[in-house]
Amino acid sequence: MIPVMLWTLPACGKQAAQAEQAEQTPQPPKEAGGAGKAPADPMHTNRLANATSPYLLQHAHNPVDWYPWGPEALERARKEDKPIFLSVGYSTCYWCHVMEREVFENEAIAALMNERFVCIKVDREERPDLDEIYMTATQLMTQSGGWPNSLFLTPDLKPFFAGTYFGATDQPPPGRPGFGTLVTQLGDAWKEQRAKVNEVSGRVADAIKNVLGERLAAIPKATLDAALVDKTVEQIAASYDAREGGFGLAPKFPNDFYFSFLLDVYARRVAKGDADAATLAMVTTTLDAMAAGGIHDHVGGGFHRYATDGQWKVPHFEKMLYNQAALAVAYLDAFAATGDARDADTARGIFRFVGEVFTGPDGQFYSALDAETDAVEGAYYTWTREQITSVLGDPPKDAAVFLAAFELADVPIFPGHKHPEGGTLVRKARGEANTPEINAMLAKLAAVRKGRTLPRLDDKAIAAWNGMMIDAYARGAEVLKDDAYRAAAVKAATFVLEKMRTPDGRLLRSVRLAADAKDAKAAPQEGFLEDYAFVIRGLLALHRVETDAAAKAKWLDAAKSLAAKADELFWDKNGGGGGGYFFATPQPDLIARGKDIGDNATPGGNSVMAHNLLTLAASTGGGAGAAYRTKADELLKAFSGSMAQSPRGSVHMLHALERLLATAPGAALSGGAPAININAPAPPSPSVTPGAATGANAVTDSSAHVKAAVSVEPSSASPGETVTVTVALRIDDGWHINANPASADFLVATVIDVRSAAPPGTANATALEVSDITYPKPSTLKAEGLGNDAISVYGGTARITARVRVPKDAMPGTTIPLRVLAKFQSCSDAGVCLMPADWTGEVVVTVKAKP
C-alpha cells in the first residue's frame, strides 16, 4: 500500500529600538558562511551549478543528481517513465538547511533518489507559481504545510505523495520513516501499484485545479460599502493584544499592511468628527512594542521575520526584504499621522540596514539574510552580559547604563539544535527614545558585531520586493524630507527597468549580479502578477515625490506601460474564473492556473493592482483616468465575495475600498445579486481534499478533534480582586495537542490569552492584568528529529488557568466581558497532524461593590 504521513511536519514558515542608532562609517562584515558556498574541491557537481538562484547553488554539490525545473528534467521523466521528486524551498529556510545536511548530503540516500526518481529543486522565491500549486497539494494531502516542501509527482506533474521535512533515519512508531525508506516505498509503489498511484494523483490534481482555478467564481458577490470596512476593523480589534501589541497569539507576525489601512480608517473617521482613539492605539501600541522587542535588531537596524513569543522578545532570525519595506512604510505613516519622532527614527534604522546589507552595486535590493551562522540560529545577533560588559566596559558605568535599558531575552533551547550564546536585546521601557549615550553604545556593539560571520545573504533581486522597497524609499523621501532616499529609489527603479525587462517590455522575476560579471545574469523566469503590481506601485510613488516635471512624466509613463502589460498577460478576459488577474501566464508545465485571492506574507497581486488602478485614475484624469477607475471597480467587484467572507484575509483589498470611500463618501459597489450579508458568520472556504474531485470534504483544522470551553470563578468580584479563568480543551481519543512550551521550534505550542472584550470607548474597555497562566503537566511521546528525546503533549482533557485582576477603577454594577483566545494543533497518535486552530470564547465578570 502507499505509505501515509506519520508525523507532524516541521517547516520554516507558514507568513526594536524606537530611535535611530548613532551613525558610523560602515565596515563590511566578515564573509557569510554556511551551505551554498562551494567547497574548494567538491566531490560532486550537479546541474544546479549553472543556476543563478542562491538556493539552488547551495545544493549544486550534493550527491543528489538535481535538476532545476525545466524542459530537460521534465522530458527525462516522461521519456524514462520515471516519477519526480520535487523539493521546494528558499535560501534562508532553516529546515531546508537541516534536510540538506541530514538527507541530501547522505551518499546512500542520494543513490536511492538518483536510481528511482528524477530529482528537481525549485526556489519558491523565483517560482511562486509552482510554489502555490504544490503547497496547495501538500496542504490538501496532509492538512499541513511549510518549507522545505517535499513532493513525489508522476511524469505528468501530478502529486501522489507530499510532506515537508524528513529526517534520514527510521523512527519507532509513531515516528516517521527515514527518507531512504520513504524513497524505497514510493519507488516500489510506482512500479507495483501504478493504477493506485494514478488514481490518487488524478484526484489530487483535480482538487488543486478546483481550489486554485474555481474558488473565486464560486463565491457569491457582495455589496461593498463602509459597513464592510468597519466590520474588518472590528475583526482586527477582536484579535488585538492591548497589553503586548500585535494581533492573535504567538508566534506573532508583524502584519505589516494592517497599519496603513488602520491609519487611513482613523483619518477618515476623524475627518468626519468621530473620535477613534482605539483604532490609532492598535497601530501605535503595536509599533512601539515591536520597536522595543527582540524582533527589531537594535544594533544593526531592520526587523526579523516574526517573533516566536507573544511579547516580541525572541525572533525567528531571518531578515526579509519585504518586511523591511512594509515596516518602513508603516513607521513612516505612523510618524506622518502622530508626529512621534521615534517612528521616524525606527524607519531611518530600517533604511540604514537596507543600505548597508541589502543594497547591491547597481542600486538593486537583495532578498534575504539567513537566520543561522554555521548551523546556529541567531548566533550573529545574540549577546551575553559578559560580551556587553567587555565592549562597553570603558568607562565601567556604560555597561551598567546599557543593561539598565535593555534586557537579554533567553532564546529557547530545543533538542537537537545548536544553541547561540546569550540572548536577544529587548528594550525594557516601551515608548522611550534612545538617548545619544545609548546610541553611542549601540554603535560600539555594531562595530564589534561586524567582526562576526554574517549569515548567508541571498543576493538575488526579486522584482516584486524591489518594487516594495522603491515605494518605501520614495515614502521616506516624502515624509522625512531626505533626498538621499529619493535617490536610492531612483537608482533601484532604473535597475529594474533596464536590467529586469525583456525586449518586449515584460518583467523578469529575478536577476542576480554575478561577482565576476558587469551585467546582471538573469534567471529565465518571467515575472508574475505581483512583480508587475509592486513595481508599478514603486514607480507611482516616485511619480508622486519627484518635483521635476520630466522625471514625474517618466515614472508615470513607465507605470502605465507596465499596467498595460499586466492587463495583456494576466487579466481574466473571459471572466469564467470570476474576474480579476491571474497570478501567472498560461504555461504547459503548470497543472493549474490560479488567482491570489487574499493576503499572505505580502499583499496579493490583485489587491496591489486595485490600489495602483485607483492611483493611476487620480494621476492621469480625463478619459484614461476614467478607464482606470472603471477597471478598479471591476476588480473590487470581482473580489467582493471573498472580501465579505473573510475580511481579515483581504485587508489590503479592503484598504483599496477604504481609499475609494474616502474620495467618494457614501459610495458603494454592488457586486451583483445575490449579495452576502456581511454581518453573518463567514462560511467555510471552498477547500477540498484529494477525494473531493467527486464532491466534498472541506480541509479540517485541529478543532475537529478538540472541543474548547471556558469558565470563570468566581463570576463576580470587587475592583482589585482576581478571578480565575479556566479553558478546558477536550481532546478526542487517539489524538493529542502539543504542550506549552513546545518541545521543538517547529511544533505549534498550545497557548491561551485573556483580553477585555469591552467595545472601545465603553466602560471597562481597558487592558487587563493577567498573571499566572498555568499549563497542565504534559505526557511524553517519542518523535523523529529530536534524538533520544520525546515531545511533550496533552491528551484527554487539558485545563489551562489564568488569573485576571478586576481593574481598580472598575465601576460596581457594571460587567467586564472577557475574550479568551486559544491556539492549538491536534495530531493523531498515528502521526497525522491537522492545520492549527484558533479558538475564541467569552465569559463575563460582574463588578460588585467592595465589602
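Leaving aside neighbours within four places in sequence, which residues is Gly476 in contact with? I started my notes there, bearing in mind that this is a predicted model.

**Entry 1: Gly476 and its helix**

I found Gly476 in helix α16. Outside the four-place window, Gly476 contacts Leu332, Phe351, Lys481, Asp482 and Tyr485. I looked up the C-alpha distance to Leu332 and got 6.7 Å, for two residues 144 apart along the chain. Gly476 has a relative accessible area of 0%, under the 20% cut-off, so I put it down as buried.

Next I looked at what α16 packs on. Helix α12 (residues 341-357) and α16 (residues 463-480) have axes that come within 11 Å and cross at roughly 135°. The angle falls in neither the parallel, the antiparallel nor the perpendicular range, so I call α12 and α16 oblique to each other. I noted the crossing of α12 and α16 as left-handed. On the α12 side I listed Ala344, Arg348, Phe351, Val354 and Gly355, and on the α16 side Met469, Ala472, Tyr473, Gly476 and Leu480. I sorted the residues of this contact into 7 nonpolar, 2 polar and 1 charged. Gly476 turns up in this contact, and Phe351 of α12 is on its own contact list too.

**Entry 2: α17 against α18**

How far apart are the axes of α17 and α18, and at what angle do the helices pack? I have 11 Å and about 140° for helix α17 (residues 483-499) and helix α18 (residues 529-545). An angle over 145° would count as roughly antiparallel, so at about 140° α17 is oblique to α18. I wrote this crossing down as left-handed. α17 contributes Arg486, Ala489, Val490, Ala493, Val496 and Leu497 to the contact, while α18 brings Val535, Leu539, Leu542 and Val545. My tally for the contact of α17 with α18 reads 9 nonpolar, no polar and 1 charged.

**Entry 3: the sheet from β1 to β5**

I traced an open sheet of 5 strands in the order β1-β3-β2-β4-β5, and its pairing is mixed. Which strands stand at the edges? They are β1 (66-68) and β5 (159-163); each has a single partner strand, so one side of each has no neighbour in the sheet. Ignoring direction, I get an average turn of 25° between neighbouring strands.

Inside the sheet I checked β2 (residues 84-89) with β3 (residues 118-123), which pair in the parallel sense over 6 bridges. Ile84 stands opposite Val118 in β3. I also noted that helix α6 (residues 179-192) lies across β2, β4 (149-153) and β5, and that α6 runs at about 20° to β4.

**Entry 4: the sheet with β21 and β24**

Here I found 4 strands in an open sheet, ordered β21-β31-β29-β24, again with mixed pairing. β21 (716-717) and β24 (751-756) each have a single partner strand and stand at the edges, so one side of each is left without a neighbour in the sheet. I looked up how β21 is joined on: 2 bridges link it to strand β31 (residues 837-847), and the two run parallel. Ala717 is the residue opposite Val847 in β31.

**Entry 5: strand β23**

Are the faces of β23 (residues 735-738) covered or open? Both are covered: Trp735 and Ile737 on one side are buried, and so are His736 and Asn738 on the other. I then went through its partners. With strand β30 (residues 826-828), β23 pairs in the antiparallel sense over 3 bridges, and His736 stands opposite Cys827. With strand β27 (residues 790-794), β23 is also antiparallel, over 2 bridges, and there I found Asn738 opposite Val793.

**Entry 6: Val233**

My last stop was Val233 in helix α8 (residues 226-238). Is Val233 buried or exposed? Its relative accessible area is 5%, under the 20% limit, so I count Val233 as buried. Not counting residues up to four places away in sequence, Val233 touches Phe261, Leu262, Val265, Arg269, Thr279 and Met282. I also looked up Arg648: its C-alpha is 8.5 Å from that of Val233, though the two are 415 residues apart in sequence.

Key:
Residues are numbered from 1 along each chain as its sequence is written. This is a predicted model: local features need pLDDT of at least 70, side-chain atom pairs count only at pLDDT 80 or more; totals for chains, interfaces and linings use all residues. Side-chain values use heavy atoms; hydrogens and water are left out. Buried means under 20% relative accessible area, exposed over 50%, partly exposed in between (1.4 Å probe, protein chains only). Two strands pair if DSSP finds at least two bridges between them. Axes are lines fitted to C-alpha atoms, for helices over the stretch in contact, and angles run from 0 to 180 degrees between N-to-C directions. Angles under 35 degrees count as roughly parallel, over 145 as roughly antiparallel, 65 to 115 as roughly perpendicular and the rest as oblique. A crossing is left-handed if the near helix is turned anticlockwise from the far one by less than a right angle, and right-handed if clockwise. Contact means heavy atoms within 4.5 Å. Ala, Val, Leu, Ile, Met, Phe, Trp, Tyr, Cys and Pro count as nonpolar, Asp, Glu, Lys and Arg as charged, and the others, Gly among them, as polar.
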